[in-house]
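Here are a few notes to go with the model you are about to open. Read them with the structure turning on your screen.

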Amino acid sequence: MAAPIKKTIELFYDVISPYSWLAFEILGRYRQRWNIDLQYKPFFLGGIMQGADNKPPGLNPMKAVYMFDDLAMQRDYTGVPFSKSVPTSFFEQSSLTAQRFLTVVNDQHPDDLEEVSRQLWIRMWSKDKDISDPTSVLEAAQAAGMSEEVANKCMSKVKDQSTKEELKRITGIALESGAFGAPWILAHKDGEVKTFWGTDKIPLLAHVIGEKWEGPLKPSSKL
């Protein structure tokens, strides 16, 4: 008997989004348990917000208070190590350099994409470091196991027109599918595509693709 065809799950994310980190880790834990092909798609949340005429929740004072209280609870529930304090530079950072860097990594060194992404989240959301600084991005890459030489070569391509266009292309795919925030998830099953926004929709995603939701599962040793 032939093995069941894997269902493709595309996770569009930006490392400035803490909820993208939650989806990234939780879906990663289910990658072997569910019959899925999980594809990581770094996009630019700033472009999504502009294209969808939306605003980040952190810019609304009441939503910001709720978000950071929620992240504290999520830390205990999921094991994703958010800092116990609000990142001091959260409202001043841009993720454009980081997302372009991830675009290059995905093209040149795709096997490193997962861990470099994780280290960028850890850098911002656990260690309160500024990920808009190229030096900080390089430090995250090396923490992920990339050599200094390879990381620098990737950084040298961040301002290339081809890199800019590829990030725009991926962001455009998400926008065309209806994205208005992050994480944005596309689930492909039986020739149909379903869209999901937010980590709290992962149990519904499981239902739609015919898999079992068993909670956030235990964190990997990498966290």
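A word on terms before we start: a residue counts as buried when its relative accessible area is under 20%, as exposed when that area is over 50%, and as partly exposed in between. Also keep in mind that this is a predicted model.

1. Start with helix 3, which runs over residues 61–78. Its 18 residues span 25 Å from the first C-alpha to the last, close to the 26 Å expected at 1.5 Å a residue.

2. Which residues of helix 3 are buried? They are Ala 64, Met 67, Phe 68, Asp 70, Leu 71, Gln 74, Arg 75 and Thr 78. These residues sit on the same side of helix 3 because they cover an arc of only 165° around the axis. Their cover includes helix 1 (18–30) and helix 5 (113–126).

3. Now look at the face of helix 3 turned away from the buried side. There you'll find the exposed residues Met 62, Val 65, Tyr 66, Met 73, Asp 76 and Tyr 77.

4. Both ends of helix 3 deserve a look. At the start, Asn 60 brings a side-chain oxygen to within 3.0 Å of the backbone nitrogen of Met 62. Just after the helix comes Gly 79, with a positive phi of about 80°.

5. Next, the sheet. It is open, with four strands in the order 2-1-3-4 and mixed pairing. Strand 2 (36–42) and strand 4 (192–197) are the edge strands, each pairing on one side only. From one strand to the next, the twist averages 20°.

6. How do strand 1 and strand 2 pair, parallel or antiparallel? Strand 1 (residues 7–13) runs parallel to strand 2, and seven bridges join the two. To find your way along the pair, match Lys 7 with its bridge partner in strand 2, Ile 36. Further on, Phe 12 stands opposite Lys 41 of strand 2.

7. In a regular strand, side chains alternate between the two faces of the sheet. Strand 2 shows this alternation: Ile 36, Leu 38, Tyr 40 and Pro 42 point to one face and are buried. Asp 37, Gln 39 and Lys 41 point to the other face and are not buried.

8. Last stop: Asp 160, in the loop between helix 7 (148–156) and helix 8 (161–176). Is Asp 160 buried or partly exposed? With a relative accessible area of 32%, Asp 160 is partly exposed. Its C-alpha lies 35 Å from that of Lys 6, a residue 154 positions away along the chain.

Technical notes
Residues are numbered from 1 along each chain as its sequence is written. This is a predicted model: local features need pLDDT of at least 70, side-chain atom pairs count only at pLDDT 80 or more; totals for chains, interfaces and linings use all residues. Side-chain values use heavy atoms; hydrogens and water are left out. Two strands pair if DSSP finds at least two bridges between them. Axes are lines fitted to C-alpha atoms, for helices over the stretch in contact, and angles run from 0 to 180 degrees between N-to-C directions. The expected span of a helix is 1.5 Å times one less than its number of residues. Buried means under 20% relative accessible area, exposed over 50%, partly exposed in between (1.4 Å probe, protein chains only). The arc is that of the directions from the helix axis to the C-beta atoms. Contact means heavy atoms within 4.5 Å. A polar contact is a pair of N or O atoms within 3.5 Å; within protein, one must be able to donate a hydrogen and the other to accept it, and residues adjacent in sequence count only if both atoms are side-chain atoms.
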